[in-house]
Amino acid sequence: MHTDTYTQAAEAELTSVGFTALKTAKDVVDHFTHQAAGNTLLVINSMCGCAGPGARLAITRALEVIRKSSQPTHLVTVLAGVDVEATTQVQEYIKPYLLSSPAVALIGDGEVLHFVERHQIKGQPIELLAEAFATILEEHN
């Protein structure tokens, strides 16, 4: 696993607001098989300069504006290209969707409730993405 200041900063953008970084396949399996009830917001974080920063900022803003009752129970992230083992394992929990980075999945009771792929994130204004993420979270509270 290669980490540098930039990858650490990208991960910290999410962990500093309450996300747990899943670093290994075991971390992913443990989370999804032993988690308490409630929804999991999974961010497949990305080092992609054209979509990664916007996705992180938009999801952070969405979490700031939604009602407390709409907050997902669990906030987790994997860093694609860095936490390769964890990212590969995530594929088992986002089916039928394919890995995309960045991507955002809302998962409840072992089922993907909503999935936002890279092509839906790239090039979108941050405020529009934040509103879309907030709406998704509010609808599935």
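Me: What makes a set of residues a nonpolar core?

Reply: A nonpolar core is a set of buried Ala, Val, Leu, Ile, Met, Phe, Trp, Tyr and Cys residues joined through side-chain atoms within 4.5 Å. In this predicted model, the largest such core has 23 residues. F19, L41, I59, L63, V104 and F133 have the most contacts inside it.

Me: Which elements supply at least two residues of this core?

Reply: Those are β2 (39-45), α3 (52-65), β4 (103-108) and α6 (126-139). The largest share, six residues, comes from α6.

Me: What makes L63 and F19 a contact?

Reply: Contact means heavy atoms within 4.5 Å, and L63 meets that with F19, leaving aside neighbours within four places in sequence. L41, Q71, P72, L75 and L137 are also on the list for L63.

Me: How do you know that strand β3 is mostly covered?

Reply: Buried means under 20% relative accessible area, and six of the six residues in β3 (residues 74-79) are buried. H74, V76 and V78 point one way, L75, T77 and L79 the other way, and all are buried.

Me: Why are β1 and β3 called paired?

Reply: Pairing takes at least two bridges between the strands. Two bridges join β1 (residues 20-21) to β3, so the two strands pair. They run parallel, and A21 stands opposite T77 in β3.

Me: What about β2 and β3, and how many bridges do they have?

Reply: Six bridges, again in the parallel sense, so the cut-off of at least two is met. N45 stands opposite L79 in β3. Together with α3, β2 and β3 make a right-handed β-α-β unit.

Methods:
Residues are numbered from 1 along each chain as its sequence is written. This is a predicted model: local features need pLDDT of at least 70, side-chain atom pairs count only at pLDDT 80 or more; totals for chains, interfaces and linings use all residues. Side-chain values use heavy atoms; hydrogens and water are left out. Buried means under 20% relative accessible area, exposed over 50%, partly exposed in between (1.4 Å probe, protein chains only). Helices (H or I, at least four residues) and strands (E, at least two) are DSSP runs, numbered from the N terminus. A crossover is right-handed if, with the strands pointing away from the viewer, the path from the first strand over the helix to the second runs clockwise.
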